Amino acid sequence: MAGLHKIWQRAEVSRRLDMLSGFVAMCVTGDEDARSRLAQLVARADAALSASPPDLAAASEHLDELLLWAGTEWADHPYRPLEARPDEADRQTRDYAKDLRFAALPVRFRDEMGRIELSLEVRFLALCRRPELDCRTRQDVFYVAGRAAMALDLGHLEAAEREIRRMEQVGAARPRESRCG
């Protein structure tokens, strides 16, 4: 789990750096000195993140410098990005983390993940199209599909396949007399 924590931290810094550097780039369009400063800051942060192992402390320092710069120069700018709410920040960071983790996996493992992900999607959609499923069963199918997707995100292929089988069992169960509403 320590590896996942490091990936999450790296993804969080990357996300914040991308968001803020895009804003600053927009603000310094005509100023070559500021553009150069931004390019250097981003390059140093990217180098720290790309190092093996990633130097999160150095990358965070560069991010902090960028935050200070943006806060000093453009604190009242109407388009200055605000920190995302915790749930939104986690969703965005999760997307970054998935990309970072996926890129670090061997090609054979990524291919197997792709196969399982496609299988999950096809089977999930097939179950969702069944008109005889009641609301509660449909909710259960969504829940178990989410568990399978989470297992894939974590790289647990066996668990993902097990959840896909479980999802099919839930969808094949005899419909109950219940209504959601």
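**Exercise 1. Find which residues of the largest nonpolar core touch the most other members, and which elements feed this core.**

Start with the term: a nonpolar core is a set of buried Ala, Val, Leu, Ile, Met, Phe, Trp, Tyr and Cys residues joined through side-chain atoms within 4.5 Å. Buried means under 20% relative accessible area, exposed means over 50%, and partly exposed is in between (1.4 Å probe, protein chains only).

Step 1: the largest core has 21 residues, and V24, V28, L38, L66, W69 and W74 touch the most other members.

Step 2: α1 (2–27), α2 (32–50) and α3 (56–73) are the elements that give two or more residues to this core. Helices here are DSSP runs (H or I, at least four residues), as strands are (E, at least two), numbered from the N terminus.

Step 3: a second, separate core holds 18 residues, including L105, A148, A160 and V170.

Before going on, keep the ground rules in mind. This is a predicted model, where local features need pLDDT of at least 70 and side-chain atom pairs count only at pLDDT 80 or more, while totals for chains, interfaces and linings use all residues. Residues are numbered from 1 along each chain as its sequence is written, and side-chain values use heavy atoms, with hydrogens and water left out.

**Exercise 2. Work out the ring geometry around W74.**

A pair of aromatic rings is described by the distance of the centres and the angle of the planes. Rings of Phe, Tyr and Trp (its six-membered ring) pair if their centres lie within 6.5 Å; planes under 30 degrees apart count as stacked, over 60 as edge-to-face and the rest as tilted.

Step 1: the rule gives three aromatic pairs. F23 and W74 make an edge-to-face one, with 6.1 Å centre to centre and 90 degrees between the planes.

Step 2: place that pair on the chain. F23 sits in helix α1 and W74 in the loop between α3 and α4 (86–104), 51 residues apart, so the pair links distant parts of the chain.

Step 3: W69 and W74 form a tilted pair, 5.7 Å centre to centre with 50 degrees between the planes. Ring pairs join F23, W69 and W74 into a cluster.

Step 4: check burial. W69 is buried at a relative accessible area of 7%, and W74 is buried at 14%. F23 is buried too.

Step 5: list the contacts (heavy atoms within 4.5 Å). Not counting residues up to four places away in sequence, W74 touches F23, V24, C27, V28, W69 and R80.

Step 6: look at the face of W69, where R37 lies over the ring at 4.0 Å from its centre. A charge sits over a ring if NZ of Lys or CZ of Arg is within 6 Å of the ring centre and within 35 degrees of the ring normal.

**Exercise 3. Check the span of α5, then say where its buried residues fall.**

Step 1: the expected span is 1.5 Å times one less than the number of residues. The 22 residues of α5 (residues 107–128) should span 32 Å, and the end C-alpha atoms are 31 Å apart, which agrees.

Step 2: M113, I116, S119, L120, F124 and L127 are the buried residues of α5. Seen down the axis, they fall within an arc of 125 degrees, so they line one face of the helix. The arc is that of the directions from the helix axis to the C-beta atoms.

Step 3: R108, D111, L118 and V122 are exposed on the other side of α5. The buried residues pack against α4, α6 (135–153) and α7 (157–172).

**Exercise 4. Repeat the analysis for α2 and α7.**

Step 1: α2 has 19 residues that should span 27 Å, and its end C-alpha atoms are 26 Å apart, which agrees.

Step 2: A34, L38, L41, V42, A45, A48 and L49 are buried in α2. They fall within an arc of 125 degrees, so they line one face. E32, D33 and S50 are exposed on the other side.

Step 3: the 16 residues of α7 should span 22 Å, and its end C-alpha atoms are 23 Å apart, which agrees.

Step 4: among the buried residues of α7 are L157, E163 and M167. The buried residues fall within an arc of 155 degrees, so they line one face. They pack against α5 and α6.
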